[in-house]
Amino acid sequence: MRATRWVATAALVCTLSSIRGARAAPTDGGATAKAKLTSVPLSAPNVVLSKPDANGIRLLNDLVFSGTQLQFDSEKATAECSLGGTKLKFSVIDNQGIKLTYNGKAVTLQRDEMSFKPAKLRLGDERSYVLAFPYGYVYQIQAQPGQAQQTQGMLMLRSGNGQYFSLDGQSFCLFDSNTDGYYRLSEDAIGIGKSGGTFNVFGPLGRLLATSKGVYEIIRLAEDGSELEYTPFTGPTAKLSTAVAETDLEIGVAFGSSEAGLNFAVPINSTRAADLKVVPGQYNLLYGLVYSPAMKKLVATVGPGKLPAADVSGDKASAIKLGGPFDLEYTLQTTGRQMTIASSTFHLRGKNCEEYANFTWAAEPEISLAVGGKTTALGKMEFG
């Protein structure tokens, strides 16, 4: 048996089982300005990625798993959490449903295909908040014949709304990524893009904010997400362009620089790049989602892989390019005339070595051997 390192060209065609916020006033010199934020429900709260869910991203069809989860069992068929200072109590009812009790109100969650529909809540400070449930279930099991049935259940929680505002002609959205009902620097997230998107990627929210025209420093953020106060950043800035090539896929991606203290998240495709002013520094790809407009579904995630950091400095614009052509790298084991490839050795990379994961095959991959400019077809992979 021998192990060989192969690289095959692969197309990333995979099958995985607007409202405008209040416009901010322009700033003059070092003066501060305020932006009033508008709360809008996300059109696809199941397909959202931010930092708390980016460590070991799990996908299921058009669902990004949330790290905030409540567990139910026969011993304790209730679970509690706090949202913006309001206590929420969830209880299993009729052995298959879930009831939410808060502020003296009781609401039965409505079922949808894989979980429960988002619920619009009125918190203790009289503001509205949409709480989404990306995935959830309740069922009964019987461990042994003759024993009583036992309840098992789980409910994922995620914010189902964003706080939108406009700055320098661009739409931004603040997102409560830790689902605690408050909006705070270093704890929550921000993304560029109008509401109504088919998926959302949010980058960690820091004190600095990048637009196509400049960099701003956040002076104050209201914890209820209603208002943001900012001032122009007075230090040096540079231009950074993020684009995608040779694919019809859309990518939502977050980048960040610890030395610059600036993060951003943008949606890009082959016809829409993101050009931003940023603080000079080394910018790394943090995480992202890949969506197929043709298939109308989420098809993969993207991570840094071997993509080098973008060194952004000086007057010359820097560029980060994602996308194809794609290479599939794997380890091949041969025994006689049989070849075996373990899926754990797959690495699907873009032209600049970013890595794509959480994809499945649309069809059996065709294998060919290229030696000395001659290509010989070897057949197709068989799964199993």
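This passage goes through the overall make-up of the chain, its two largest cavities and a few local backbone features. The model is a predicted one.

Starting with the broad view, the chain is built without helices: the count is zero helices and 37 strands. Its C-alpha trace spans about 75 × 70 × 35 Å along the principal axes. Of the 384 residues, 48% count as buried. The accessible surface comes to about 18,800 Å², and carbon and sulfur atoms account for 47% of that. As for charge, there are 37 positive and 35 negative side chains, with the centres of the two sets 3 Å apart.

Next, the inside. Rolling a probe the size of a water molecule over the atoms shows where empty space is left. The largest cavity turns out to have a volume of about 40 Å³. Three strands, β18 (189–192), β21 (208–210) and β26 (262–268), each give two or more residues to its lining. Phe 172, Ile 190, Gly 191, Ile 192, Leu 209, Ala 210, Asn 263, Phe 264 and Ala 265 make up that lining. By class, this comes down to seven nonpolar residues, two polar and no charged.

The second largest cavity holds about 30 Å³ of space, and its lining has another flavour: two nonpolar, five polar and three charged residues. Ser 50, Asp 53, Ser 66, Leu 157, Arg 158, Ser 159, Phe 175, Asp 176, Ser 177 and Thr 179 are the residues that line the second largest cavity.

On to the backbone. Most residues other than glycine have a negative phi, and most peptide bonds are trans. Asn 61 departs from this, with a positive phi near 55°. Asn 61 sits in the loop between β5 (48–49) and β6 (69–73), and it counts as partly exposed because its relative accessibility is 28%. Lys 296 also has a positive phi, near 55°. The loop that carries Lys 296 runs between β28 (281–292) and β29 (297–303). With a relative accessible area of 64%, Lys 296 is over the 50% cut-off and is therefore exposed.

The peptide bond between Gly 324 and Pro 325 is cis, with omega at about 0°. Pro 325 belongs to the loop between β31 and β32 (327–335). Strand β31 itself (residues 318–323) contains Ala 319, which is exposed at 64% relative accessible area. Between the C-alpha atoms of Ala 319 and Pro 118 there are 39 Å, the two residues being 201 residues apart along the chain.

Key. Residues numbered from 1 in each chain as written. Predicted model: local features only at pLDDT ≥ 70, side-chain atom pairs only at ≥ 80, totals over all residues. Heavy atoms only, no water. 1 Å grid on protein atoms, 1.4 Å probe; cavity = no way out; pocket = protein on both sides within 12 Å on 5 of 7 lines; lining within 4 Å. Points joined across faces, edges and corners; volume = space filled by probe spheres on them. Helix = DSSP H or I, 4+ residues; strand = E, 2+ residues; numbered from the N terminus. Nonpolar A, V, L, I, M, F, W, Y, C, P; charged D, E, K, R; others polar. Buried < 20%, exposed > 50% of the residue type's maximum accessible area, 1.4 Å probe, protein only. Areas by Shrake-Rupley, 256 points an atom, 1.4 Å probe, with all protein chains shown as cover. Lys, Arg positive; Asp, Glu negative; His and termini not counted. Charge placed at Lys NZ, Arg CZ, Asp CG, Glu CD.
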